[in-house]
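The following exercises concern the interface between two chains and the pairing of charged side chains. Please work through each task before reading its solution.

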Protein chains: 2
Amino acid sequence: MSTSNAPETPARVTARYWIESARPLEAAAAIMAGEQSTGTFVRVAGETDELREHCGARIESLVELGEAAAPSLPGASAPQSGPARWRTAEVTLSWPLHNFGPSLPNLLATVAGNLWELKPFSGMRLLDLTLPPQFLGRYRGPRFGIAGTRALTGVHGRPVIGTIIKPSVGLSPAATAERVAAIAAAGIDFVKDDELQADGPHCPFEERLSAVMRVLDAHADRTGKRVMYAVNITGDIDEMLRRHDLVVAAGNTCVMVSLNSIGLPALAALRAQCQVAIHGHRNGWGLLGRSPAIGMSFVAWQKLWRLAGIDHVHVNGLDNKFCESNESVIASARECLTPMFPQPHPGCEVMPVFSSGQSALQAPDTYRALGSVDLIHACGGSIMGHPGGVAAGVRSLHQGWEAAVSGIPLADYARTHRELAATLAAFGR
Amino acid sequence: MSTSNAPETPARVTARYWIESARPLEAAAAIMAGEQSTGTFVRVAGETDELREHCGARIESLVELGEAAAPSLPGASAPQSGPARWRTAEVTLSWPLHNFGPSLPNLLATVAGNLWELKPFSGMRLLDLTLPPQFLGRYRGPRFGIAGTRALTGVHGRPVIGTIIKPSVGLSPAATAERVAAIAAAGIDFVKDDELQADGPHCPFEERLSAVMRVLDAHADRTGKRVMYAVNITGDIDEMLRRHDLVVAAGNTCVMVSLNSIGLPALAALRAQCQVAIHGHRNGWGLLGRSPAIGMSFVAWQKLWRLAGIDHVHVNGLDNKFCESNESVIASARECLTPMFPQPHPGCEVMPVFSSGQSALQAPDTYRALGSVDLIHACGGSIMGHPGGVAAGVRSLHQGWEAAVSGIPLADYARTHRELAATLAAFGR
């Protein structure tokens with residue numbers, strides 16, 4: 001090591017949390033830092049100052065917010081005398097990367113490990129993560145991402161328009177293919193399995209894939225358009241890799257996985273071999289993200305999966321039928337389009353997938369909030385239930401996005417575009 | 001199909017939830033069942049009665065509980081007229097196994113998928129799961145479990161006594177081995193890495209394993225006793241498998257993984273090749289389990305991992321320094337010892353690991369509540385900080401359990417057992 005130059009600063013990982021505690025906030029933050037690095041409940045023999053300096057987590061910032069009237073979670077300790085004040089704050093901690101190395105599972109054990117069981121806390125939420133580019137030496141990020149998905153679908157200058165095969169489960173392979181044939185004929189760009197559809201005996205994966213690819217191949221032969229089919233390969237690792245190979249052999253361009261069901265190492269293993277786009281389904285996300293008092297933000301969560309290799313990820317949609325607010329949906333989608341690492345590193349941007357109660361009606365607000373057409377717009381009822389039929393449903397989406405991008409109010413554009421007019425009449429509020 | 005016999009009832013998975021909703025509870029439960037099987041927000045074309053009969057989720061029971069004063073989670077919808085009443089209930093749903101097949105990741109997408117984002121719910125917690133034995137055709141369950149762990153450690157008729165290497169991170173391989181040598185000489189049965197210790201450049205996995213095995217081999221040569229070392233192999237799949245092979249080659253009997261960091265498919269892939277006991281660390285558990293209003297109970301969670309192949313799992317400990325109640329700890333531990341499947345199928349029982357602020361003091365209450373010595377008792381300060389030294393610390397644990405099993409009060413037993421007496425004096429309340 002050179003003594004004439006300043007020593008290189010070791011790379012660090014930072015994590016920002018919302019916390020709630022009846023302890024003085026500085027002390028509470030110090031407990032988090034200690035527990036997740038060199039410390040334990042008491043200082044132990046061998047926890048030297050040098051070791052703390054080298055491996056200790058650091059409090060980078062602490063911003064006090066308001067007080068909560070009551071503890072948000074049970075089990076938290078309060079001072080033994082006087083009434084407890086449940087203060088809230090945002091705290092940013094950092095760790096030297098050398099504590100765990102550029103390993104996503106070991107990163108998780110540090111930034112999302114025992115913290116939620118610590119007694120001084122009555123609320124804890126991981127809000128954001130910043131990872132050093134060393135992780136790119138280990139993980140591959142999206143192989144296709146936005147540009148690759150556009151190349152695979154041949155869709156440029158507008159969102160990829162998609163839909164979901166319904167009913168979710170229960171259709172046979174032949175019935176599934178029949179639905180896909182109708183949707184493809186209507187001009188759709190993208191079609192996906194429901195996350196509940198996997199490899200059950202009533203609709204085995206291989207038969208479903210074959211049946212659907214027969215109709216999509218015929219459609220491509222006829223029209224020159226290759227519809228992307230996000231076929232659900234979620235399963236154990238050997239199954240997913242085998243199904244991936246079948247997907248590639250069949251000439252399909254996409255696989256879908258339920259991210260929370262498979263875990264980061266399984267996604268990384270799939271990505272290492274994957275030759276098609278990976279459509280990341282976030283089902284189970286509500287369990288992690290819905291409560292403001294506990295869990296993990298989508299902003300933090302999606303970075304892990306982008307690094308591990310997804311190309312698309314679900315973000316819900318504006319005016320959705322779930323319980324998420326529009327602000328939250330847009331924040332999630334923006335994040336997908338924001339680089340994770342500075343130039344010259346790859347940004348690992350991915351396509352946000354808007355779904356749930358979607359139609360042309362949401363195009364203007366979505367475009368205004370996102371400032372981009374880099375998204376998959378997955379619509380069900382507004383396509384399948386369009387008064388003019390499925391093809392009219394797809395055209396109404398195109399028209400809605402044309403109006404949105406041109407800054408023309410939907411009602412105005414609808415005067416000369418009857419499929420959009422029908423959507424406004426059928427689904428408008 | 002025979003017409004003279006009743007048709008075979010298809011195997012079903014059942015899941016019990018706690019829910020909170022302002023909708024009539026029957027309607028709320030029906031929404032859960034619909035969303036997670038054949039339905040979507042509206043009944044779609046093709047969702048025939050026959051398809052619903054064949055693939056629909058079923059409400060098996062609904063038990064109304066009290067009302068909540070206010071919604072526990074934000075984003076829930078309430079009736080448009082009149083004041084909302086936030087009712088709570090336990091609801092049990094069931095699904096035909098053929099919807100997803102005996103696949104843990106696809107099971108998760110069904111029982112723990114989009115449910116948490118459904119607007120009618122202001123609270124949702126998965127309390128328990130019952131899986132049909134068909135899952136045993138796909139997953140292996142624990143290879144060693146309780147009997148195997150006893151055989152590997154040579155410990156019978158009492159708990160396996162263990163400790164954790166501290167400081168958590170920052171020790172070199174040589175310093176780690178030095179600590180392990182002292183602990184082994186003290187008579188410990190089991191020693192584990194902290195979950196923060198993985199494969200960082202300051203303590204690379206291979207060097208740590210080699211250094212520790214040198215001292216444990218020397219100890220075995222000297223005493224005939226093989227100390228089990230739960231070495232943390234958490235990482236990506238290829239890393240874990242490679243590290244596993246090194247562990248086996250080194251003659252060690254255990255590997256440790258952070259379950260929430262790796263995911264079920266990675267554990268199943270490890271289990272398929274694993275020749276040693278798998279020590280399952282539950283860090284991150286608090287994020288899933290701490291809130292009463294959202295998440296998943298340990299009871300449900302641990303069944304998934306047992307089936308996928310862990311041999312041990314952390315359950316916290318009585319009077320622990322985290323925020324979990326003693327009742328919850330004991331319920332978790334009991335569950336680990338309860339068969340998951342009826343005879344003649346394997347029960348997949350695993351060793352519960354008690355840790356956090358543990359000493360001989362907790363032995364009587366633990367034994368009384370659990371009715372078993374089938375556990376790993378992992379103690380830190382009460383061994384390392386015992387006034388008589390580390391060996392006295394281990395002996396005090398043996399004495400505490402002797403007293404507990406014999407039904408002799410600790411204070412009485414301590415009269416003739418000075419290491420226990422020193423523990424009572426140093427750590428008693």
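**Exercise 1.** Determine how many residues are in contact between chain B and chain A, and what area the two chains bury.

*Solution.* Contact is taken as heavy atoms within 4.5 Å. By this criterion, 88 residues of chain B touch 88 residues of chain A. Buried area is the accessible area (1.4 Å probe) that two parts lose on being put together, summed over both. Here it amounts to about 6700 Å², 58% of it on carbon and sulfur atoms. Within chain B, the residues that lose the most area to chain A are B:E117, B:L287 and B:R290, together 12% of what that side buries.

The model is predicted: local features need pLDDT of at least 70 and side-chain atom pairs pLDDT 80 or more, whereas totals for chains, interfaces and linings use all residues. Residues are numbered from 1 along each chain as its sequence is written, chains are lettered from A in the order written, and side-chain values use heavy atoms, without hydrogens and water.

**Exercise 2.** Count the salt bridges between chain B and chain A, and locate the partners of B:R282 and B:R138.

*Solution.* A salt bridge requires a side-chain nitrogen of Lys or Arg within 4 Å of a carboxyl oxygen of Asp or Glu. The count between the chains is 4. B:R138 pairs with A:E239 at 2.3 Å, N to O. B:R282 pairs with A:E117 at 3.4 Å, N to O. Buried denotes under 20% relative accessible area (1.4 Å probe, protein chains only), exposed over 50%, and partly exposed in between. B:R282, at 3%, is buried, and A:E117, at 6%, is also buried.
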